[in-house]
Amino acid sequence: MHFPAFPRLGRRTFAAFAAAAALLLAGCASTLDTKVTRFQAWPADGAGSTFSFGRHAAVGRELEQSTYEQYVREELERRGLRSAPAGQAGRFLVEVEASGSQRQQRYLQPMYQDYRVYIPARRLADGRVVGGYWAADPWGPQYMGDREQVRLVQVSKLIVRIRETQPPPAAPRSVYEATAVYEGIAENLPDLVPFLARAAFDGFPGRNGETRRVVFDAQTGALVQQQP
């Protein structure tokens with residue numbers, strides 16, 4: 001089978017892209033990337049108000065649910081809100097929903113072929129003759145095209161809804177809704193929720209209807225990037 005020759009610079013460029021793709025596909029990325037979409041009508045006098053949680057946990061998941069709520073509680077308290085005393089309803093009712101799933105993602109993987117080239121015999125300046133030999137192509141592997149691959153992508157999601165329920169007799173109204181999503185290599189949902197909770201409240205309350213990217217250092221947990 002004959003394959004067309006590629007320019008020398010082209011081979012190097014393809015090799016660089018292949019190396020970067022291999023790192024990502026192998027799960028070696030050092031950052032954790034999240035996307036947050038939120039809508040808000042946060043009251044101007046909301047600072048310092050109390051909040052409590054609405055309970056919607058499935059049977060057998062009470063401890064898991066309370067753990068996720070604790071992450072959200074910490075984020076709200078960092079922003080000046082206060083947990084309502086035990087047995088009392090806060091001004092704001094907070095609902096937390098965490099879920100995880102997987103989906104298939106198709107992508108193109110560059111394919112390369114290693115070639116050996118023949119180095120012909122040559123005579124040295126002192127008259128000696130060095131015999132010919134086979135060696136690796138000094139220009140590196142040649143790009144042969146792309147092959148379609150399929151991988152599993154983890155999709156983890158945290159939804160936080162906040163409703164204002166006081167003062168009565170006003171009807172409850174939604175004042176904050178945030179959806180934080182992670183898509184990437186397989187990770188356990190409990191390990192991801194702390195990051196998703198932080199992302200959901202990054203820049204709180206933010207602009208109504210905005211979607212932003214929030215990136216963390218996967219090793220230290222530090223926030224490294226925010227962008228619309």
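Here are two short exercises with worked solutions on a predicted model.

Residues are numbered from 1 along each chain as its sequence is written. Local features need pLDDT of at least 70 and side-chain atom pairs count only at pLDDT 80 or more, while totals for chains, interfaces and linings use all residues, and side-chain values use heavy atoms, with hydrogens and water left out.

**Exercise 1. Find which residues of helix H2 are buried, and check the span of H2.**

Start with the element: helices (H or I, at least four residues) and strands (E, at least two) are DSSP runs, numbered from the N terminus. The expected span is 1.5 Å times one less than the number of residues, so the 17 residues of H2 (62–78) should cover 24 Å, and the end C-alpha atoms are indeed 24 Å apart.

Next, look for burial (under 20% relative accessible area, with exposed over 50% and partly exposed in between; 1.4 Å probe, protein chains only). Gln65, Tyr68, Glu69, Val72, Glu75 and Leu76 are buried. They span an arc (of directions from the helix axis to the C-beta atoms) of only 110 degrees, so they lie on the same side of H2. Leu63 and Arg78 are exposed on the other side.

**Exercise 2. Work out how strand E11 pairs with E1 and with E12.**

Strands pair if DSSP finds at least two bridges between them. E11 (210–217) runs antiparallel to E1 (31–40), with eight bridges; one partnership is lysine 35 with arginine 213.

On to E12 (223–227): four bridges join E12 to E11, again antiparallel, and phenylalanine 216 stands opposite leucine 223. Five residues separate the two strands of this hairpin, and glycine 221 in the turn has a positive phi of about 85 degrees.
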